[in-house]
Amino acid sequence: MAARRILAGGIAQESHSFNPILTGRDSFTITEGAEAVRRARGTNSTLGGIIAAAEAAGAEVTVPVMFRAQSGGPVEDAVFAEVKAAMLDAARKGNFDAIALPLHGGMLTPALHDPEGVLIQELRAIVGPAVPITAAFDLHAHVTPATLNACDVLAGYLTNPHADQGATGRRAGDAAFAMLDGRLDPVLAWAHLPMLTLGNDRTDEAPLQGLHARARAAVEAGKVYDTSIFNAQQFLDVPGLGQVVMAYGNGRSEEAEVLVAALAAELWAAREALIGTYPGLEECLARAVAGTPRPLILGDQGDRVAAGAPGDSTVTLHALLNLGTEIPAAVPITDAEGVARCRAAGVGAAVTVTVGGRYSTAAPPVTLTGEVVAAGEGASLVYAGPAEKGQRAHVGPYAVLRAGKLTVVLTAFPYAYIDPEYYRAMGVEPAKQRVVITRSGYHFTLNYAAIGECITVDTPGMSSYRVAELPFTVARPFYPLDDLDVTPQVRLRRR
């Protein structure tokens with residue numbers, strides 16, 4: 001008998017509605033065919049997990065195309081159209097038994113609030129109801145009824161900071177094979193809550209820790225097949241923004257319905273506790289000046305590229321320059337013009353350049369004079385992990401400017417620096433700094449833990465959790481911006 005074949009691939013990017021910079025094709029790492037499978041195999045990525053599930057089942061994986069990008073502004077419509085066309089063309093050709101999609105779930109385009117849902121619906125229209133379609137989404141996905149109606153099993157990350165990308169892809173892949181084998185008839189119970197989690201939403205801390213433990217126990221006891229709790233990306237101005245709690249039964253399951261009702265009620269009851277607080281930037285820098293046993297790795301909450309912000313905020317740069325004393329520190333700034341000027345001057349040249357503050361307006365641009373110590377057209381890296389360990393990435397045009405003990409890493413495109421290999425790819429060693437700035441709120445804490453003390457700092461900006469300062473229109477009403485009386489309602493979807 002011929003080996004089974006799984007159709008995988010698609011596009012993964014997390015979008016920010018209020019970032020005016022569209023994400024174009026040149027921001028994506030693009031792979032296809034056997035090369036996409038080779039590069040993802042063994043990595044802690046959703047595609048890597050799908051491949052692992054397929055190979056454990058003696059099956060093959062076909063990847064027409066895989067686009068991956070850092071978080072940022074909405075994806076250009078033409079980019080999504082290109083990916084969708086490739087996936088739909090492969091679906092029309094057939095020669096596969098199931099579809100398993102490594103997506104994100106929080107992507108936008110200027111024309112679409114739910115492009116992943118559109119992709120899944122159009123795939124379903126081609127293959128019909130009998131072919132299993134499963135997907136792996138980020139925990140911060142915006143999950144819509146359209147997606148749930150077209151997808152047989154949707155698996156979400158169970159960790160924040162995210163450490164289970166590969167395991168999530170494995171769940172999606174295993175579900176597809178369970179359906180093919182007749183071992184699984186997925187019936188979904190789910191509930192939606194019009195609320196946001198704002199900062200206190202790590203899954204290894206209360207209150208989410210307890211909810212995930214309860215969900216995990218139900219799966220381990222065989223009461224439900226799979227569960228996910230989606231905490232939507234907080235900067236999506238889309239209809240139906242909020243939290244989604246899900247559980248799949250093997251056939252209709254009263255236990256799944258009871259579990260979803262209980263988890264949704266607990267999540268709503270914990271809404272105030274999910275609004276977190278963070279230490280100030282000034283107090284963290286004061287500690288660095290006084291001296292700490294290890295470097296301080298600071299997540300710039302207000303300009304988190306990991307949440308879709310542009311990465312050109314100068315808030316932390318101003319604070320370091322205003323200390324009155326120099327300490328070894330590394331700060332990343334997105335500024336294509338600054339990169340071009342430094343590269344034109346050449347490595348070893350002294351330059352004066354004005355950087356940052358073009359899109360992030362919480363602080364003005366900074367004029368710096370320093371030495372160009374590194375520059376290039378691009379650099380490649382492999383995540384050290386554990387988050388996304390083994391994942392390959394590319395940095396576009398860059399330049400490194402050193403002004404005294406301060407190192408400013410300039411890039412033409414925004415990066416979250418969730419892994420220290422980003423810095424190292426451009427010749428900067430984070431372990432030698434006293435302060436390292438990342439454009440991330442949570443995820444960097446896993447990958448920098450071996451280097452220093454990881455702290456998310458309260459800074460203003462486009463990705464700050466001060467959501468009352470953002471111009472939401474479509475997404476409202478939702479808590480905490482609106483006073484709502486909510487009784488969670490459990491809905492069912494059977495295959």
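**Two sheets and the helices packed on them**

In this predicted model, helices α7 and α8 are roughly antiparallel to each other. The reasoning is easy to follow: α7 (residues 208-220) and α8 (residues 254-269) pack at an angle of about 175 degrees, and angles over 145 degrees count as roughly antiparallel. The axes of this helix pair are 10 Å apart. On the α7 side, the contact is made by Leu208, Leu211, Arg214, Ala215 and Ala218, while α8 contributes Leu259, Ala262, Leu263, Glu266 and Leu267. Sorted by character, the residues of this α7-α8 contact comprise 8 nonpolar and 2 charged ones, with no polar residue.

Helix α8 also leads to a sheet. Here 4 strands form an open, antiparallel arrangement in the order β10-β11-β9-β22. The edges are taken by β10 (226-231) and β22 (491-494); each has a single partner strand, so one side of each is left without a neighbour in the sheet. From one strand to the next, the twist averages 20 degrees. Strands β10 and β11 (residues 243-250) pair in the antiparallel sense over 6 bridges, and Asp226 has Tyr248 of β11 as its bridge partner. Helix α8 packs on this sheet and touches β9 (186-193), β10, β11 and β22. The direction of α8 makes about 165 degrees with that of β11.

A further sheet is built with parallel pairing: 5 strands form an open sheet in the order β4-β1-β6-β7-β8. At its edges stand β4 (60-62) and β8 (153-156), and because each has a single partner strand, one side of each lacks a neighbour in the sheet. The twist in this sheet averages 25 degrees from one strand to the next. Strand β7 (residues 133-137) is joined to β8 in the parallel sense over 4 bridges, with Phe137 standing opposite Gly156 in β8. Helix α2 (residues 46-56) lies across β1 (5-7), β4, β6 (98-102) and β7, and runs at about 150 degrees to β6.

How do these pieces fit into the whole chain, and what are the bounds of domain 1 and domain 2? The domain assignment gives domain 1 as 5-274 + 488-494 and domain 2 as 281-464. Their centres, taken over C-alpha atoms, are separated by 31 Å, and 30 residues of domain 1 are in contact with 29 residues of domain 2. An unreviewed UniProt entry places the feature "domain: Microcystin LR degradation protein MlrC N-terminal" at residues 5-288. Over residues 5-288, the chain is 38% helix and 19% strand, and the end C-alpha atoms of this stretch are 54 Å apart.

Key
Residues are numbered from 1 along each chain as its sequence is written. This is a predicted model: local features need pLDDT of at least 70, side-chain atom pairs count only at pLDDT 80 or more; totals for chains, interfaces and linings use all residues. Side-chain values use heavy atoms; hydrogens and water are left out. Two strands pair if DSSP finds at least two bridges between them. Helices (H or I, at least four residues) and strands (E, at least two) are DSSP runs, numbered from the N terminus. Axes are lines fitted to C-alpha atoms, for helices over the stretch in contact, and angles run from 0 to 180 degrees between N-to-C directions. Contact means heavy atoms within 4.5 Å. UniProt positions are given in the numbering used here, feature names are shortened, and annotations may be inferred rather than shown by experiment. Angles under 35 degrees count as roughly parallel, over 145 as roughly antiparallel, 65 to 115 as roughly perpendicular and the rest as oblique. Ala, Val, Leu, Ile, Met, Phe, Trp, Tyr, Cys and Pro count as nonpolar, Asp, Glu, Lys and Arg as charged, and the others, Gly among them, as polar. Domain bounds come from an automatic or database domain assignment.
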